[in-house]
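Please work through the following exercises with the sequence and the model at hand, trying each task before reading its solution.

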Amino acid sequence: MKLRSKAAALLLLALAALLLALLSLRAGRAEPPAPPARPASAPQRHPAPVPARWPAPGALPVASPGVRRRRPQRPRPRAGRRGAARLEKLARRPGEPRSFQAVLPPELWIHLAVVACGNRLEETLVMLKSAVLFSHRKIQFHIFTEDSLKPEFDKQLRQWPDSYTKKFEHRIYPITFSVGNPQEWKKLFKPCAAQRLFLPVILKDVDSLLYVDTDVLFLRPVDDIWKLLRLFNSTQLAAMAPEHEIPKIGWYSRFARHPFYGSAGVNSGVMLMNLTRIRSTQFKNSMIPTGLAWEDMLYPLYQKYKNAITWGDQDLLNIIFYFNPECLYVFPCQWNYRPDHCMYGSNCREAEREGVSVLHGNRGVYHDDKQPTFKALYEAIRDFPFQDNLFQSMYYPLQLKFLETVHTLCGRIPQVFLKQIEKTMKRAYEKHVIIHVGPNQMH
């Protein structure tokens with residue numbers, strides 16, 4: 001009996017303590033006393049704000065009495081990919097698939113141009129494939145090629161899966177030169193390479209353009225190099241990478257017999273252009289004391305320097321920007337990474353730090369065994385089945401191939417080649433799994 005009476009007493013004490021705690025909590029949340037009324041001489045136009053009280057640890061915030069909570073304003077859709085996605089969501093009918101590309105206005109597309117003649121069909125298709133594999137925004141391809149290659153380009157591009165063909169549109173153009181002797185232009189350096197000089201004249205309705213050689217591969221979204229256009233100042237109208245990082249051992253500084261940009265020249269294999277500015281600019285030159293429009297300058301410039309140039313249209317571009325250095329934006333070597341950046345030892349610091357963004361396999365290194373690291377990347381993208389898993393069917397086989405290239409100087413720095421492509425694949429994987437599958441369905 002004593003034990004039972006003790007237990008009953010303890011239970012009563014616990015209930016009393018709980019009741020006191022509830023009463024004190026209620027008193028703590030009670031409404032504060034009303035402030036004294038102001039004298040009539042100083043009327044109050046707005047109610048005085050109630051002082052904020054921090055909630056107790058672990059407690060949910062409680063709205064102050066008498067204060068009306070305002071609904072937060074919805075942010076207005078911004079320009080760009082997110083804004084386009086919001087606009088598309090509003091315009092989409094119930095049940096229709098989500099695709100912001102469908103309503104993305106043409107002025108927000110990326111414009112990518114390439115010139116392909118001779119045996120460059122496969123190389124060009126692999127370059128275009130690398131562009132769509134990781135891109136976010138819709139791309140307009142401008143393909144300049146010979147008549148014999150047009151049907152094959154059109155056939156191959158239309159055979160790609162719908163999930164990729166919806167990310168781009170393509171247009172095929174003939175090889176044309178608006179001034180001078182077409183046959184002379186066509187044979188300058190490599191077949192049809194001089195066509196790039198005439199892009200501002202031909203693509204009159206295009207504001208900005210990214211031109212690349214056929215032997216270029218994108219290891220990250222094209223969107224990223226397109227963003228460099230925002231870095232142009234008011235006078236810059238084109239962007240290229242240096243021809244060499246160490247001027248004293250560069251080709252132009254040692255062998256050029258004509259003016260060239262800066263201390264080492266620039267490489268035109270990857271060239272970002274504001275075509276609107278190019279068409280409206282009067283360029284300083286060595287032929288007449290006044291400025292010349294782009295189209296009017298090309299043939300006289302070629303006639304003056306044709307016996308002194310070695311690399312054709314690239315040399316002409318170097319001459320143009322030697323006389324107009326304020327018009328050029330120079331981007332880092334990671335955006336135009338070539339064998340010269342590693343075959344004599346690594347000399348591209350930006351690529352060492354951030355990884356290669358755009359690979360340029362000049363000198364035919366995709367098709368011989370002189371630089372197996374470059375060849376391995378080309379073959380990995382060429383052979384990748386569109387619908388397969390990027391990590392399993394591209395990244396892991398690529399790592400294994402790189403183990404076979406460690407006997408070369410370029411092969412000794414695999415992280416330089418893999419860093420950006422790994423980041424790009426991770427982003428693509430996370431976007432697919434987390435957004436499309438959903439985090440709650442991941443195991």
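**Exercise 1. Find which residues leucine 210 touches, leaving out residues up to four places away in sequence, and place leucine 210 within its core.**

Solution. In this predicted model, begin at leucine 210 and list its partners, which are His111, Leu112, Ala113, Phe218, Val222, Ile225, Trp226, Val270, Met271 and Leu272, once residues up to four places away in sequence are set aside. Next, turn to the largest nonpolar core, which has 72 residues, and in which Leu210 is listed with Leu112, Tyr337, Leu359, Phe417 and Ile421 as having the most contacts inside it. Helix H3, covering residues 121-134, supplies the largest share of this core, namely nine residues. Finally, since domain 1 (110-331) and domain 2 (341-437) both give residues to this core, it lies between them. Apart from it lies another core, of 43 residues, and Leu199, Leu209, Tyr211 and Ile319 are among them.

**Exercise 2. Decide whether lysine 129 is buried or exposed, and name the residues that it touches.**

Solution. First locate lysine 129, which is found in helix H3. Its relative accessibility is 8%, and because buried means under 20%, lysine 129 counts as buried. Then look for its partners beyond four places in sequence, which are Trp160, Ile381, Arg382, Asp383, Phe384 and Phe386. For one of these, Trp160, the distance can be stated as well: the C-alpha atoms of lysine 129 and tryptophan 160 are separated by 9.3 Å, although the two residues are 31 residues apart along the chain.

**Exercise 3. Describe how helices H11 and H12 pack, and establish how many residues of H12 are buried.**

Solution. Start with the geometry: helix H11 (residues 294-305) and helix H12 (residues 313-323) pack at an angle of about 110°, and their axes are 11 Å apart. Angles of 65 to 115 degrees count as roughly perpendicular, and H11 and H12 are therefore roughly perpendicular to each other. Their crossing is right-handed. On the side of H11 the contact is made by Trp294, Met297, Leu298, Leu301, Tyr302 and Tyr305, while H12 contributes Leu316, Leu317, Ile319, Ile320 and Phe323.

Now consider burial, for which nine of the 11 residues of H12 qualify, so that this helix is largely enclosed by the rest of the structure. The buried residues are Asp313, Gln314, Asp315, Leu316, Leu317, Asn318, Ile319, Ile320 and Phe321. What covers them includes helix H6 (182-186), strand E6 (238-242), helix H9 (251-255), strand E7 (266-274), H11 and strand E8 (328-330).

**Exercise 4. Examine glutamine 371 and arginine 363, and state in which loop each one lies.**

Solution. Glutamine 371 lies in the loop between strand E9 (358-360) and helix H14 (372-383), and the place of arginine 363 is also in the loop between E9 and H14. With a relative accessible area of 9%, glutamine 371 is buried. Setting aside residues up to four places away in sequence, glutamine 371 touches Pro339, Met343, Val365 and Cys410. For arginine 363 the backbone is the point to check, as its phi is near 65°, a positive value in a residue other than glycine. Most residues other than glycine have a negative phi.

**Exercise 5. Summarise the protein chain by its helices and strands and by its share of buried residues.**

Solution. The protein chain has 16 helices and nine strands, and buried residues make up 44% of its 443 residues. Among contacts with a separation of 6 or more, 71% are accounted for by residues 24 or more positions apart.

Definitions and conventions: Residues are numbered from 1 along each chain as its sequence is written. This is a predicted model: local features need pLDDT of at least 70, side-chain atom pairs count only at pLDDT 80 or more; totals for chains, interfaces and linings use all residues. Side-chain values use heavy atoms; hydrogens and water are left out. A nonpolar core is a set of buried Ala, Val, Leu, Ile, Met, Phe, Trp, Tyr and Cys residues joined through side-chain atoms within 4.5 Å. Buried means under 20% relative accessible area, exposed over 50%, partly exposed in between (1.4 Å probe, protein chains only). Helices (H or I, at least four residues) and strands (E, at least two) are DSSP runs, numbered from the N terminus. Domain bounds come from an automatic or database domain assignment. Contact means heavy atoms within 4.5 Å. Axes are lines fitted to C-alpha atoms, for helices over the stretch in contact, and angles run from 0 to 180 degrees between N-to-C directions. Angles under 35 degrees count as roughly parallel, over 145 as roughly antiparallel, 65 to 115 as roughly perpendicular and the rest as oblique. A crossing is left-handed if the near helix is turned anticlockwise from the far one by less than a right angle, and right-handed if clockwise.
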